[in-house]
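Q: I should like to learn how aromatic contacts and a nonpolar core are read from a model. Could we take the features one at a time?

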Amino acid sequence: MPYNYSKLLGKIVEVFGTQAKFAQAMAISEHSISSKLNGKVCWKQSEMAKACKLLGINELDTGAYFFAM
């Protein structure tokens, strides 16, 4: 069963406005972000940590954004 990244996507739009701006802040391509949000490519632990920092997500809430089913 794939993970549900809808909460993460909502946070990305809330903070950055677009996936493109978030991808730029993450220093990875927009295509890579799209692939990760669509469950085609897995998030690396270091990417999750950086995303949480950029999005202001508390460490304790990581699961709600990256591991929701």
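A: Rings of Phe, Tyr and Trp, the last by its six-membered ring, count as a pair if their centres lie within 6.5 Å. The model shown here is predicted.

Q: Which residues do ring pairs link into a cluster?

A: The cluster consists of Tyr-3, Tyr-5, Trp-43, Phe-66 and Phe-67, linked by ring pairs. The structure holds five aromatic pairs.

Q: How is one such pair described, and what is the geometry of Tyr-3 and Phe-67?

A: Two quantities describe a pair of aromatic rings: the distance of the centres and the angle of the planes. For Tyr-3 and Phe-67 the centres are 5.6 Å apart and the planes stand at 80 degrees, an edge-to-face arrangement. Tyr-3 lies in the segment before α1 (6–16) and Phe-67 in the segment after α5 (62–66), so the pair ties together parts 64 residues apart in sequence. Tyr-3 is partly exposed, at 38% relative accessible area, and Phe-67 is partly exposed as well, at 42%.

Q: Which ring has Lys-36 over its face?

A: Lys-36 lies over the face of Trp-43, 5.8 Å from the ring centre. Lys-7 lies over the face of Tyr-65, at 4.9 Å from the ring centre.

Q: Which residues of the largest nonpolar core touch the most other members?

A: In soluble globular proteins, nonpolar side chains tend to be buried together. Here the largest nonpolar core has 17 residues, and those touching the most other members are Leu-8, Phe-22, Ile-33, Leu-37, Trp-43, Leu-55 and Phe-66. The largest share of this core, four residues, comes from α4.

Key. Residues are numbered from 1 along each chain as its sequence is written. This is a predicted model: local features need pLDDT of at least 70, side-chain atom pairs count only at pLDDT 80 or more; totals for chains, interfaces and linings use all residues. Side-chain values use heavy atoms; hydrogens and water are left out. Rings of Phe, Tyr and Trp (its six-membered ring) pair if their centres lie within 6.5 Å; planes under 30 degrees apart count as stacked, over 60 as edge-to-face and the rest as tilted. Helices (H or I, at least four residues) and strands (E, at least two) are DSSP runs, numbered from the N terminus. Buried means under 20% relative accessible area, exposed over 50%, partly exposed in between (1.4 Å probe, protein chains only). A charge sits over a ring if NZ of Lys or CZ of Arg is within 6 Å of the ring centre and within 35 degrees of the ring normal. A nonpolar core is a set of buried Ala, Val, Leu, Ile, Met, Phe, Trp, Tyr and Cys residues joined through side-chain atoms within 4.5 Å.
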